[in-house]
Amino acid sequence: MKLRERYFAAAEAEWPVRRTGNLRFYLDYLFEGVALDGARVLDIGAGGGRFSFYAAAGGAAHVVALEPEAAGSDAGVAAQFERFRQRLGVDSVELRHATLQDFDPGDDRFGQRIAPVDAPL
């Protein structure tokens, strides 16, 4: 099974939706025209990793997922993120517990960013 298909199977198990086709449509629409193949992606406010792992399934070489669980986000998202990583079997997605303001990218450079619509960029 290809990684993209494994993603949707894992997503359906982790985040049950009424119609899996809706999730496919939404993510394909959201990422339409975004060059993921071989990209380095920064996911700001990653939550449980839904977009982070979709980017990896879409060919991203490396994804840094920022999710500051202790800084006011939903409790348990780090555990959900790790469960999803195990289901998918992907090691190219890295969870960092930091806010955007506290994030130090070091020498990392990112070709794509994923952020909530209201995130200050």
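How many residues does helix α4 have, and how far does it reach from its first C-alpha to its last? In this predicted model, α4 spans residues 77–88, has 12 residues and reaches 16 Å, close to the 16 Å expected at 1.5 Å a residue.

**Overall organisation**

The protein chain has 121 residues, of which 40% are buried. Its secondary structure comes to four helices and four strands, and from the N terminus on these elements follow the order α-α-β-α-β-α-β-β. Among contacts between residues at least 6 apart in sequence, 60% join residues at least 24 apart.

**The sheet**

The four strands form an open sheet in the order β3-β2-β1-β4, with parallel pairing. Strands β3 and β4 stand at the edges, each with a single partner strand, so one side of each is left without a neighbour in the sheet. On average, neighbouring strands of this sheet are turned by 20 degrees against each other, direction ignored. In general, the strands of a sheet pair through backbone hydrogen bonds, in either a parallel or an antiparallel sense.

Strand β1 comprises residues 40–44, and four of these five residues are buried, so the strand is largely enclosed by the rest of the structure. Its pairing with β2 is parallel and extends over five bridges. From β1 the chain crosses through α3 to β2, and this β-α-β crossover is right-handed. With β4 (residues 112–114), β1 also pairs in the parallel sense, here over three bridges.

The table lists residue partners of β1 across its two pairings.

| Residue | Partner | Strand of the partner |
|---|---|---|
| D43 | A65 | β2 |
| D43 | I114 | β4 |
| V41 | Q112 | β4 |

D43 thus has A65 as its bridge partner in β2 and stands opposite I114 in β4. V41 stands opposite Q112, likewise in β4.

**Helix α3 on the sheet**

Helix α3 packs on the sheet and touches β1, β2, β3 and β4, while its direction makes about 175 degrees with that of β2. Six of the eight residues of α3 are buried, so this helix is largely enclosed by the rest of the structure. The buried residues are S52, F53, Y54, A55, A56 and A57. Just after α3, G59 takes a positive phi of about 110 degrees.

**Helix α4 and its buried face**

Which residues of α4 are buried? They are V77, A78, Q80, F81, F84, R85 and L88. Seen down the axis of α4, these buried residues fall within an arc of 160 degrees, so they line one face of the helix. They pack against two helices, α1 (3–14) and α3 (50–57), and against two strands, β2 (62–66) and β3 (93–96). The helix lies across β2 and β3, running at about 170 degrees to β3. After α4 comes G89, whose phi is positive, near 70 degrees.

**E14 and the contact between α1 and α4**

Is E14, a residue of helix α1, buried or exposed? Its relative accessible area is 9%, which falls under the 20% limit, and E14 therefore counts as buried. Leaving aside neighbours within four places in sequence, E14 is in contact with Q80, R83, F84 and R87. Two of these partners, Q80 and F84, are among the buried residues of α4, and α1 is one of the elements against which the buried residues of α4 pack.

**D37 in the loop before β1**

D37 lies in the loop between α2 (20–30) and β1. With a relative accessibility of 71%, D37 counts as exposed, whereas E14 is buried. Leaving aside neighbours within four places in sequence, D37 is in contact with G58 and G59. G59 is the residue with positive phi just after α3. D37 and A61 are 24 residues apart in sequence, yet the distance between their C-alpha atoms is 7.1 Å.

Key: Residues are numbered from 1 along each chain as its sequence is written. This is a predicted model: local features need pLDDT of at least 70, side-chain atom pairs count only at pLDDT 80 or more; totals for chains, interfaces and linings use all residues. Side-chain values use heavy atoms; hydrogens and water are left out. The expected span of a helix is 1.5 Å times one less than its number of residues. Buried means under 20% relative accessible area, exposed over 50%, partly exposed in between (1.4 Å probe, protein chains only). The arc is that of the directions from the helix axis to the C-beta atoms. Contact means heavy atoms within 4.5 Å. Two strands pair if DSSP finds at least two bridges between them. A crossover is right-handed if, with the strands pointing away from the viewer, the path from the first strand over the helix to the second runs clockwise. Axes are lines fitted to C-alpha atoms, for helices over the stretch in contact, and angles run from 0 to 180 degrees between N-to-C directions.
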